[in-house]
Amino acid sequence: MDFVKELKAKAAKAGKTIVLCEGEDKRVVEAAGKIVKEGIAKIILLGNEADIAKFGFDMTGVTILNPQNDPNADQYAEILYKAREGKINKKTGAPEYADVAAAKASILKDYAMYGALILKAGNADGFVSGACHSTANTLRPGLQVIKTAPGCSTVSSCFIMAAPESGNPYIKEGVALFGDCAINIEPDATQLVDIALATADTAKKIAGIEPRVAMLSFSTMGSGNDDKYFKTVPKVQEATKLAKEKAPDLALDGEFQFDAAIAPEVGELKAPGSKVAGHANVFIFPNINAGNIGYKIAQRMGGWMAIGPVCQGFAKPLNDLSRGCNVDDIVATVAVTALQA
């Protein structure tokens with residue numbers, strides 16, 4: 001895939017350090033060695049040295065860091081304690097961390113949080129986790145420690161979808177973006193605007209394409225409505241209106257069914273006069289049900305490579321992996337993370 005090669009080459013020039021939190025996962029360990037060997041990024045791999053060695057991969061150049069004997073653990077515990085000071089555990093009614101010692105005991109059991117603290121302290125440029133942990137386990141440290149970028153109200157995600165080697169007749173660039181497929185379950189109209197604009201920005205800055213954004217629905221330009229039931233069509237219509245007002249120079253339109261968004265002959269029929277219809281390369285789904293199902297269909301049945309979820313809106317680059325990821329997915333996600341830094 002030429003796009004992935006370009007992504008790796010650009011990341012290599014950036015020279016960033018990325019922390020991988022899951023040294024217990026064979027795929028992550030293999031990817032760490034491959035990333036360093038190819039010069040894509042410097043890697044800090046969290047885990048036990050002896051356990052990692054059992055996988056049998058060449059770890060030359062990879063910095064293996066065992067939090068259990070890391071001299072910086074006290075510093076990271078202090079950062080966490082200060083970040084969460086005054087926060088109450090909803091289950092117990094007690095403070096989340098009684099003191100720095102309690103914070104340290106916690107992070108020595110939670111390597112995703114440990115990795116986020118390495119990033120927060122400035123000892124890495126980006127963070128990737130999620131191969132064997134849930135999205136919640138990966139994003140919680142981001143929300144609690146890294147926090148959102150200034151002026152950002154919605155943390156979201158997108159998948160950068162790279163076409164199979166055979167190409168795709170509709171996506172000439174060989175790359176498309178799907179958002180949000182992993183974080184926001186039922187975004188409201190305002191959140192959909194944030195997701196659309198953030199994903200368009202990722203398309204331009206990371207994927208290197210000029211975004212043409214389709215706001216997706218089961219309806220095209222009012223052809224359907226679910227006002228009696230879930231009100232998703234009115235929501236997408238409102239989000240489209242607000243997004244156009246907020247970013248008038250962005251090629252964005254909707255609401256579209258997927259075929260009207262991607263196929264020129266359908267776009268002309270269902271949405272005549274739209275500059276986006278039939279030519280979209282950024283697809284914004286109305287909720288996580290549609291987005292998650294959609295990207296997995298493209299990945300498993302269409303042969304597209306799904307890079308991500310690429311997180312958007314954090315103050316520092318922090319990305320989640322799908323638990324179904326393979327080694328190449330991890331390598332590509334690290335490359336994206338390096339380019340976000």
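This is a short tour of one sheet, the helices packed on it and the nonpolar cores of a predicted model.

Start with the sheet. Select its 6 strands, which lie in the order 8-7-9-6-5-10. The sheet is open and its pairing is mixed. Go to strand 8 (251–256) and strand 10 (305–312): each has a single partner strand, so one side of each is left without a neighbour in the sheet. Between neighbouring strands the turn is 20° on average, ignoring direction.

Next, select residues 156–162 and 175–179, which are strand 5 and strand 6. The two pair in the antiparallel sense, over 5 bridges. To see one bridge, pick Cys158 and its partner in strand 6, Gly179.

Now add helix 8, residues 189–207. Helix 8 lies across strands 5, 6, 7 (212–216), 8, 9 (282–284) and 10, and runs at about 155° to strand 6. Then add helix 13, residues 327–340. Helix 13 packs on the sheet as well, where it touches strand 5 and strand 10; its direction makes about 35° with that of strand 10.

Turn to the side chains. The largest nonpolar core has 57 residues, and the members touching the most others are Phe3, Ile43, Leu45, Ile160, Met215 and Ile307. Helix 8 supplies the largest share of this core, 9 residues.

Centre the view on Ile43. Beyond its neighbours within four places in sequence, Ile43 is in contact with Ile18, Leu20, Ala32, Ile35, Val36, Val62, Thr63 and Val334.

Last, select Val19, Ile44, Leu117 and Val145, which are among the 30 residues of a second, separate core.

Terms used. Residues are numbered from 1 along each chain as its sequence is written. This is a predicted model: local features need pLDDT of at least 70, side-chain atom pairs count only at pLDDT 80 or more; totals for chains, interfaces and linings use all residues. Side-chain values use heavy atoms; hydrogens and water are left out. A nonpolar core is a set of buried Ala, Val, Leu, Ile, Met, Phe, Trp, Tyr and Cys residues joined through side-chain atoms within 4.5 Å. Buried means under 20% relative accessible area, exposed over 50%, partly exposed in between (1.4 Å probe, protein chains only). Helices (H or I, at least four residues) and strands (E, at least two) are DSSP runs, numbered from the N terminus. Contact means heavy atoms within 4.5 Å. Two strands pair if DSSP finds at least two bridges between them. Axes are lines fitted to C-alpha atoms, for helices over the stretch in contact, and angles run from 0 to 180 degrees between N-to-C directions.
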